[in-house]
Amino acid sequence: LLADEPTSALDVIVQAQILALLLRLQRRTGLGVLLITHDMAVAAQVADEILVMARGRIVEQGARVAVLSHPRQRATQALVSAARELNATFPEHEG
């Protein structure tokens, strides 16, 4: 399943419901899900692996925990920082 920004512009309640639905669908059917998002908080909730692209090129790839806790590339650092700042400002956004 290819899900391109399935939670963008949604309030946090609907966002959580969509992500839960995707996870249930994945677990029940074994379906692979490719989730495209710029929101690392969303990726942190559902991804096993994260691949970061900048200007059409892959700049970083790895296990969720490794990429989110130790982002090496500038593009990844900016995305992770933005998610942390949003969660610090609006804690209810955090999954």
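**In what pattern do the helices and strands of the protein follow one another along the sequence?** Read along the sequence of this predicted model, the order of the elements is β-α-β-α-β-β-α-α, which comes to 4 helices and 4 strands. The protein has 95 residues, of which 26% count as buried, and its exposed surface is about 6500 Å², with carbon and sulfur atoms supplying 56% of that area. Among the contacts with a separation of 6 or more, 38% are accounted for by residues that stand 24 or more positions apart.

**Close-up of the largest nonpolar core.** This view brings together the 10 residues M40, A41, A43, A47, I50, V52, V67, L68, V80 and A83, which make up the largest nonpolar core of the protein. At least two residues of this core are supplied by each of α2, β3, α3 (64–69) and α4, and the largest share, 3 residues, comes from α2. V67, a member of the core, touches I50, E60, Q61, G62, T76 and V80 when residues up to four places away in sequence are not counted.

**Close-up of T76 in helix α4.** Helix α4 spans residues 74–89 and includes T76. Is T76 buried or exposed? T76 counts as buried because its relative accessibility is 0%, where the cut-off for a buried residue is under 20%. Once neighbours within four places in sequence are left aside, the residues in contact with T76 are M40, V52, V59, E60, V67 and P71, and among these M40, V52 and V67 also belong to the largest nonpolar core.

**Close-up of the largest pocket.** The space in the largest pocket is about 590 Å³, and, of the 21 residues that line this pocket, L34, L35, I36, E49 and L51 are the closest to its centre. Two or more lining residues are given by each of α1 (12–29), β2 (34–36), α2 (40–46) and β3 (49–54), and the element that gives the most is β3, with 5 residues. Sorted by kind, the lining of the largest pocket holds 16 nonpolar, 3 polar and 2 charged residues.

**Close-up of E49 in strand β3.** E49, which is found in strand β3, is one of the residues closest to the centre of the largest pocket. With a relative accessible area of 55%, E49 is exposed, because the cut-off for an exposed residue is over 50%. Not counting residues up to four places away in sequence, E49 touches G62, A63 and R64. From C-alpha to C-alpha, E49 and V67 are 8.5 Å apart in space, while in sequence these two residues are 18 residues apart.

**Close-up of two loop residues with positive phi, A9 and R55.** Most residues other than glycine have a negative phi. In the loop between β1 (2–4) and α1 lies A9, whose phi is near 65°, a positive value in a residue other than glycine; at 86% relative accessibility, A9 counts as exposed. R55 has its place in the loop between β3 and β4 (57–63), and its phi, near 55°, is likewise a positive value in a residue other than glycine. R55 is exposed too, with a relative accessible area of 87%.

Technical notes. Residues numbered from 1 in each chain as written. Predicted model: local features only at pLDDT ≥ 70, side-chain atom pairs only at ≥ 80, totals over all residues. Heavy atoms only, no water. Buried < 20%, exposed > 50% of the residue type's maximum accessible area, 1.4 Å probe, protein only. Contact = heavy atoms within 4.5 Å. 1 Å grid on protein atoms, 1.4 Å probe; cavity = no way out; pocket = protein on both sides within 12 Å on 5 of 7 lines; lining within 4 Å. Points joined across faces, edges and corners; volume = space filled by probe spheres on them. Nonpolar A, V, L, I, M, F, W, Y, C, P; charged D, E, K, R; others polar. Areas by Shrake-Rupley, 256 points an atom, 1.4 Å probe, with all protein chains shown as cover. Core = buried A, V, L, I, M, F, W, Y, C linked by side-chain atoms within 4.5 Å.
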